[in-house]
Amino acid sequence: MDFDLNSDQVMVRNMARDFAAKEILPTAAEDDTNEHYRPETTEKMAALGLLGAPLPQEYGGAGFDYISYLLICEEIARASAGVFTTCLTVQTSLFQLPILRFGSQELKQKYLPRTTKGELLGCFAMTETGSGSDVAATETSARLDGDKWVLNGSKMWISNGGIADVALVFAQTDKAKLHRGITAFLVERKTPGFSSRNIHNKLGLRDSNTAEIVLHDCVVPAENILGGSGDGFKVGMYALDCARLSTAAACVGVGQAAIDAAVKYARERKQFGKPIGGFQLIQEMVADMVTETEVARYFVYRAGDLKEKDRPFVREASIAKYYAAEAAVRTAQKAIKIHGGYGYSNEYPVGRLLRDAVGLQLYEGTAEIQKLIIGRETLGIAAFV
Ligand SMILES: Cc1cc2nc3c(=O)[nH]c(=O)nc-3n(C[C@H](O)[C@H](O)[C@H](O)COP(=O)(O)OP(=O)(O)OC[C@H]3O[C@@H](n4cnc5c(N)ncnc54)[C@H](O)[C@@H]3O)c2cc1C
């Protein structure tokens, strides 16, 4: 077993790290306060090949391996988990990768090159007010009218929902079949009847856009379906498996940022005549933070390696997401403790890191849902029995 990154992976990681330090971190606190998304960051990431990193070059991607993509996720989230949300887990894992896997040749050509160039932003619209963890409860409907589908319903908590040009929308085409009746449609914002309303004052991930999407008699051509009619659940679960892996990597990035901040502060802050880093109880907290973040990092690499080799990775992606998100929350909490009273203000990044880590813990399946998947996969029990 080789635990070393190869030279290409090190180069990609360093490129993403330098970019994040120079172009994202300097405004991360300000953008968190102002709930501000910067389209120019997306454009700059596209120019570096960071908007479709694991996609083949024939579709405009950078053709990087999956571990390289996860390294990019970690480094971008280390600066801002909001930018990671907008440009990586949504644009690539939840939008581009399901199109690559389930889209027709026409859909791939139509959407993938333009999303890698940053000309189009995507979003993944599954959650509804009454359907979060329980995807089979989807109420948004699609009915066939001639050779077109007519969509009605609304989607809640959609990252990029207020700014995306195209939405991957999950709708019931045969409600009696529950999850087997769900179909995945690509719906363009310019479609008459498509509207969105931004959600403000989120606790974290505030520099990423989140919105409610409303679909009122939206007419969508039949060729805009991913897979076939009734394949939506399969499409959605594949996208979520990919996204859980990228979000687990982002949690490692947030944990690393918390360690960076805590170590810097513990070296500088003096109490009782010496730097607080000299106290063993502070060292114990740092040791726990580093251990948990390193463990999470190897879970991510392990699952990423399986995905890269096209082997089953569902259970490992859920283990990585579950553990890395819990570890990021605990690590950020310890970073706040090490900062004492100053950690409880926006003067230091640690409060933002905790708020962001809690958001990463929630989306793409809560901790409880990850545990259900790990248990089911281990026992060999299907999701709907
Ligand atoms: C910042 C943010 C961005 C998001 N972005 C997107 C997006 O881009 N696209 C999208 O479609 N959705 C998105 N979501 C929605 C997110 O995926 C859901 O919030 C999440 O899946 C949980 O659904 P819910 O909020 O309806 O909670 P519920 O499903 O109502 O869960 C409430 C609680 O019950 C628990 N629970 C539920 N079922 C079970 C069970 N069977 N056993 C044990 N416990 C259970 C949950 O773990 C949770 O603790 C986003 C959410 C947030 C906060």
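**Exercise 1. How many residues of domain 1 are in contact with how many residues of domain 2?**

Before the solution, two notes on the basis of the work. The model is predicted, so that local features need pLDDT of at least 70 and side-chain atom pairs count only at pLDDT 80 or more, whereas totals for chains, interfaces and linings use all residues. Residues are numbered from 1 along each chain as its sequence is written, and side-chain values use heavy atoms, with hydrogens and water left out.

Step 1. The chain is divided into domain 1 (7-120), domain 2 (123-230) and domain 3 (234-379), with bounds that come from an automatic or database domain assignment.

Step 2. With contact taken as heavy atoms within 4.5 Å, 24 residues of domain 1 touch 24 residues of domain 2.

Step 3. Taken over C-alpha atoms, the centres of domain 1 and domain 2 are separated by 23 Å.

**Exercise 2. Describe the interface of domain 1 and domain 2 by its area and its polar pairs.**

Step 1. The size of an interface is often given as the accessible area lost when the parts come together. Domain 1 and domain 2 bury about 2000 Å² between them, 60% of it on carbon and sulfur atoms; buried area here is the accessible area (1.4 Å probe) that two parts lose on being put together, summed over both.

Step 2. The rule finds 3 salt bridges across this interface, a salt bridge being a side-chain nitrogen of Lys or Arg within 4 Å of a carboxyl oxygen of Asp or Glu. Lysine 110 and glutamate 188 form a salt bridge in which the closest N and O atoms are 3.7 Å apart.

Step 3. On the side of domain 1 that touches domain 2, the elements that give two or more residues are helix H1 (7-34), helix H4 (81-102) and helix H5 (105-116), where helices (H or I, at least four residues) and strands (E, at least two) are DSSP runs numbered from the N terminus. H4 gives the most to that side, with 11 residues.

**Exercise 3. Place glutamate 75 in its surroundings, and decide whether it is buried or exposed.**

Step 1. Glutamate 75 belongs to helix H3 (residues 66-79).

Step 2. Its relative accessibility is 3%, so glutamate 75 counts as buried, on a scale where buried means under 20% relative accessible area, exposed over 50%, and partly exposed in between (1.4 Å probe, protein chains only).

Step 3. Leaving aside neighbours within four places in sequence, glutamate 75 is in contact with Arg13, Ala16, Arg17 and Ala20.

**Exercise 4. Which helices hold glutamate 292 and arginine 330, and how do their side chains meet?**

Step 1. The two side chains meet in a salt bridge of 2.6 Å, N to O.

Step 2. Glutamate 292 lies in helix H7 (residues 280-308) and arginine 330 in helix H8 (residues 314-338), so the pair ties together parts that are 38 residues apart in sequence.

Step 3. Glutamate 292 is buried at a relative accessible area of 13%, whereas arginine 330 is partly exposed at 31%.

Step 4. Elsewhere, salt bridges that share partners join Arg17, Glu75, Arg78 and Asp260 into one network.

**Exercise 5. Analyse the salt bridge of arginine 197 and glutamate 212.**

Step 1. The side chains meet at 2.8 Å, N to O.

Step 2. This pair links distant parts of the chain, with arginine 197 in strand S6 (residues 194-198) and glutamate 212 in strand S7 (residues 210-221), 15 residues apart.

Step 3. Arginine 197 counts as partly exposed at 45% relative accessibility, while glutamate 212 counts as buried at 16%.
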